[in-house]
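Colleague: Could you take a close look with me at one part of this model? I would love a walk through it in a single go.

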Protein chains: 2
Amino acid sequence: MVNIAILGYGTVGSGVAEVLQTNQSVINKKAGKEINIKYILDLREFPGDPLESKLVNDYEIILSDSDVDIVVEVMGGVNPAYSFVKRALEAGKSVCTSNKELVAAHGSELLAIAREKNINFLFEASCGGGIPIIRPLNSSLTADEIDEVTGILNGTTNYILSKMFHQGSEFEDVLKEAQEKGYAERNPAADVEGFDACRKIAILSSLAFGYQVDYEDIYTEGITKITATDIAYAKKAGYTIKLLASSKKVGESCYAMVAPFLVNAEHPLYSVNDVYNAIYIHGNVLGSVMFYGSGAGKLPTASAVVADVVEAAKYLDTNLMTFWSSEKLNLTDISNSQGKYFVRLQGETTEALKIARETFGDIQQIEIEEVQAEIGFITEELSEAEYRMKAEKLSGIISMLRLQR
Amino acid sequence: MVNIAILGYGTVGSGVAEVLQTNQSVINKKAGKEINIKYILDLREFPGDPLESKLVNDYEIILSDSDVDIVVEVMGGVNPAYSFVKRALEAGKSVCTSNKELVAAHGSELLAIAREKNINFLFEASCGGGIPIIRPLNSSLTADEIDEVTGILNGTTNYILSKMFHQGSEFEDVLKEAQEKGYAERNPAADVEGFDACRKIAILSSLAFGYQVDYEDIYTEGITKITATDIAYAKKAGYTIKLLASSKKVGESCYAMVAPFLVNAEHPLYSVNDVYNAIYIHGNVLGSVMFYGSGAGKLPTASAVVADVVEAAKYLDTNLMTFWSSEKLNLTDISNSQGKYFVRLQGETTEALKIARETFGDIQQIEIEEVQAEIGFITEELSEAEYRMKAEKLSGIISMLRLQR
């Protein structure tokens with residue numbers, strides 16, 4: 001029997017308990033052992049809950065119980081999760097977590113402790129919810145030099161952008177609707193400003209490249225400024241708009257960015273809609289792969305956490321090697337990255353086109369009926385620095401969005 | 001150092017050598033050991049090849065060399081691959097293979113030998129080429145009762161159907177074009193009759209459900225009868241046509257089938273085009289996930305084989321448990337499976353519609369301009385047996401295609 005303790009009996013924690021109960025027989029079979037919830041740590045009380053007897057509010061009870069093999073941390077936030085997890089690992093208990101803030105901030109350190117203790121620190125649910133991505137990166141995509149990881153990693157923003165695309169509606173209206181449906185938080189900043197996706201791409205980039213990518217270094221732009229008009233332009237030219245969290249290796253340079261991008265219909269991320277997430281990866285011999293699924297939600301997330309518990313139970317005394325050095329990867333400033341840009345410029349058509357061509361050379365105009373006194377166009381490929389230099393000379397740029405290659 | 005022997009220096013075998021060389025440093029880092037090709041078994045000669053010195057034509061040399069830790073079988077076909085692989089495992093050498101025929105026919109037996117010897121039998125490249133699917137099924141989707149695995153598992157047929165869809169062309173013309181481009185074999189039966197996809201879904205179903213699914217038991221239908229008119233109807237009603245290889249659990253029944261299906265635009269498999277493959281999986285707590293990528297090709301396939309080599313090298317004396325019992329899973333006859341059907345019926349419109357309604361009740365007519373003296377419609381949900389019973393009463397059914405739910 002393998003005893004586990006769940007830290008936090010909120011949405012994910014109760015999901016973990018539910019999944020363990022619902023799929024008990026298949027889970028025990030796959031783990032090769034019976035998995036038993038011995039403790040649930042929460043400061044709140046849950047009178048009448050079937051697992052009420054497992055509840056404790058003192059972490060020391062869990063830490064000092066040598067029967068606890070695996071700690072499941074699903075509290076969220078960096079503190080006190082960090083000290084709880086670190087102490088569990090130091091006490092020789094494997095840890096499974098869904099906590100992206102914790103993993104982005106302290107992943108490499110916690111992995112090193114697990115390696116030293118010959119146990120495991122697993123975090124499949126920290127990126128992409130139920131989508132298997134951490135383990136595939138770690139144990140399947142091992143024959144390749146990975147040169148790109150690009151994900152739709154936030155369900156709330158993807159829901160909003162999908163609705164805007166299909167209904168032609170404005171950001172504020174769809175956000176309100178998403179909040180009513182429970183797809184967006186009352187304070188939506190972490191999602192709509194791209195902070196959530198930023199932590200996740202920091203984790204995935206660290207794993208893909210093997211070095212520490214600090215989330216604070218990643219250029220991050222949200223979707224709050226996207227309008228129905230931007231989407232109408234994109235649609236007319238055969239694109240959709242997605243919030244992409246992306247890392248690319250070009251030669252010796254690594255770029256990482258979270259921003260709304262125009263994605264063309266041939267790209268596999270184009271059709272990832274609503275609350276679904278997907279991670280596109282390119283390797284030098286593998287080519288393109290994509291992993292698609294539910295990026296959030298109680299049960300999909302719990303499914304990923306429990307899969308980690310099964311793995312930790314199978315390999316209680318074997319460290320499953322994970323390549324994430326504490327050595328920092330210095331990201332190259334995105335001003336050196338190359339790409340095309342969609343630009344909206346104020347002005348009467350003929351005159352504005354003349355100015356746009358004088359400034360950007362060959363451009364591809366996109367004409368839509370909904371607008372007056374403005375033009376929309378896509379530039380040739382140029383660096384961010386070149387774009388900015390040229391754009392500074394113009395007055396009246398309404399919006400700029402990058403194109404995903 | 002870990003020594004490997006490659007059996008077969010054809011497309012995949014030379015791809016494996018190329019990937020090991022191109023990505024040497026990242027591969028050795030991930031394996032934690034230097035991986036060295038000690039032998040390549042092939043009866044042919046390769047004068048001037050940089051690896052000429054490694055070539056042997058007697059398998060006994062490899063088998064009796066205790067320095068060989070891992071055998072890479074990429075010859076294809078059941079014989080002599082089966083006896084080579086079995087003897088390697090019995091000699092305590094882990095085996096990595098891309099051979100779907102071998103795995104479909106003898107997977108559970110070979111896994112049992114590997115388990116007994118505490119080594120590994122790995123076959124990531126046998127299904128879906130470079131797409132990580134075997135390992136995710138085995139070590140990531142472990143918290144779920146999987147109730148559906150549906151794949152686009154054959155690149156040739158997906159290329160043909162994609163071209164037919166986008167160009168409105170006929171099967172024979174696109175097949176010829178595919179043969180010219182090297183996307184289809186001169187003898188295309190294994191692909192276009194669904195036999196290749198059938199072996200792959202047998203393997204995936206065995207892993208998903210944990211019991212032996214015999215490929216001979218799987219109802220298999222190819223794409224040779226699909227016409228431009230079938231596709232025109234599908235397109236008009238918002239569907240595409242895909243060759244799906246599918247296993248579903250409904251209550252206590254398991255169905256497996258390879259056949260062309262109408263797939264609606266909301267389904268993630270809808271946008272999987274050209275030579276790309278994808279595997280859609282549904283779990284009772286996870287919901288939907290999909291794995292997408294290059295299903296064939298020298299380097300993507302070799303990438304998956306080498307990822308297996310890395311895994312085998314990391315866990316030389318640890319069996320990575322795989323659940324595939326030799327106990328047979330008895331598939332339920334597909335005549336009990338439920339679904340909707342797209343039917344083309346000969347006759348003058350009013351009269352044919354009257355007959356269709358008398359036979360099938362509520363139907364959804366699809367009208368296209370290209371046809372004369374026929375109608376096309378989609379039935380309500382009914383079992384295959386009910387469909388056949390009703391269809392038998394009609395003369396003049398031109399074609400029938402199932403709808404993917």
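How many residues of domain 2 of chain A are in contact with domain 3 of chain A, and with how many residues there?

Modeller: Happy to! A word on the basis: this is a predicted model, where local features need pLDDT of at least 70, side-chain atom pairs count only at pLDDT 80 or more, and totals for chains, interfaces and linings use all residues. Residues are numbered from 1 along each chain as its sequence is written, while chains are lettered from A and ligands numbered from 1 in the order in which they are written.

In chain A, domain 1 covers 2-129 + 298-314, domain 2 covers 139-294 and domain 3 covers 336-403; such bounds come from an automatic or database domain assignment. Between domain 2 and domain 3 of chain A, 14 residues of the former are in contact with 13 of the latter, contact meaning that the C-beta atoms, placed from the backbone, lie within 7 Å. The C-alpha centres of these two domains of chain A are 23 Å apart.

On the domain 2 side of this contact in chain A, helix H11 (228-236) and strand E10 (253-264) each supply at least two residues. Here helices (H or I, at least four residues) and strands (E, at least two) are DSSP runs, numbered from the N terminus. E10(A) gives the most to that side, with six residues. By type, the domain 2 side that touches domain 3 of chain A has nine nonpolar, two polar and three charged residues, counting Ala, Val, Leu, Ile, Met, Phe, Trp, Tyr, Cys and Pro as nonpolar, Asp, Glu, Lys and Arg as charged, and the others, Gly among them, as polar.

Technical notes
Two residues are in contact if their C-beta atoms, placed from the backbone, lie within 7 Å.
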